[in-house]
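Got your viewer open and a selection tool at hand? Load the model and follow along, stop by stop.

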Amino acid sequence: MVITLPNNIEMTSILDLATTRDEILDIKTGKRKNQDDVDNDRQLTFQSLMFKAKTKREPTAVGFGVLVDNKTPDLQLLQSTRNDEDYQALINTINEAIKGIQAGIFSPASEMSWWCSEASCGFFRTCRFIGKNKLSNLISVIDRNNIQIDGMTENVMPLESLKAKYEAFNWHV
């Protein structure tokens, strides 16, 4: 889903699951979550706002489907809701981030200051192109659920600091 904010800034979100009952479910893996995690998760608020903007319907619920990492796999389901107050708080946070980017208050790092490589990252060329050509009005939203096709990311290929990686390509983080 894509929506355009003021100043022609596009925001994109990919939902893991939207049910026919207008419920949004974000699939997670790893440790158990608690209700506070679901109630305060900005990604769920963002996905709920995107859903509402595109469908003109309020999601009936947002939540996590957690594949809990145990000897015997376990599924944990947690739900919450979002309201206009939640949406406004998120929009205020996004607007403040945009103001900071436009004001240039983030100091870029050298392009070669991190070990990102074309062999290990599918976004290597894109990140490098965007930073090198000083493209603006781009926001990257990363859903880091700690799993990849071969298993848990930290066991297969640790991601380390995503912030440092983006800064190495002159992204404002």
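Here is the tour, from the whole chain down to single residues.

**Before you click.** This is a predicted model, so numbering runs from 1 along each chain as its sequence is written, local features need pLDDT of at least 70, and side-chain atom pairs count only at pLDDT 80 or more. Totals for chains, interfaces and linings use all residues, while side-chain values use heavy atoms, with hydrogens and water left out.

**Whole chain.** Colour by secondary structure and you'll find six helices and eight strands, in the order β-β-β-β-α-α-β-β-α-α-β-β-α-α. Helices (H or I, at least four residues) and strands (E, at least two) are DSSP runs, numbered from the N terminus. Of the 173 residues, 32% count as buried; buried means under 20% relative accessible area, exposed over 50%, and partly exposed in between (1.4 Å probe, protein chains only). Switch on the surface: about 11,100 Å² is exposed, with carbon and sulfur supplying 54% of it (Shrake-Rupley method, 1.4 Å probe; for residues, only the protein chains shown count as cover).

**Select 61-68.** That's strand S5, and seven of its eight residues are buried. Now add residues 23-30, strand S4: eight bridges join S4 to S5, and the two run parallel. Strands pair here if DSSP finds at least two bridges between them. Look for Gly30 opposite Val68.

**Select 74-80.** This is strand S6, tied to S5 by seven bridges, this time antiparallel. Gly63 stands opposite Gln79, and a hairpin links S5 to S6 through five residues.

**Stay on S6 and pick Leu77.** Is Leu77 buried or exposed? It's exposed, with a relative accessible area of 58%. Add Ile27, Leu67 and Leu75 and you have a nonpolar surface patch of about 370 Å². Such patches take residues with over 30% relative accessible area and no salt bridge, joining like charges within 9 Å and nonpolar side chains (Val, Leu, Ile, Met, Phe, Trp, Tyr) within 5 Å; a salt bridge is a side-chain nitrogen of Lys or Arg within 4 Å of a carboxyl oxygen of Asp or Glu.

**Last stop: Ser48.** Select helix H2, residues 42-55, and find Ser48 in it. Ser48 counts as buried because its relative accessible area is 1%. Which residues does Ser48 touch, not counting those up to four places away in sequence? Ile24, Glu58, Pro59, Val62, Arg82 and Tyr87, where contact means heavy atoms within 4.5 Å. Zoom in on Tyr87: its side chain and that of Ser48 share a polar contact of 2.7 Å (a pair of N or O atoms within 3.5 Å; within protein, one must be able to donate a hydrogen and the other to accept it, and residues adjacent in sequence count only if both atoms are side-chain atoms).
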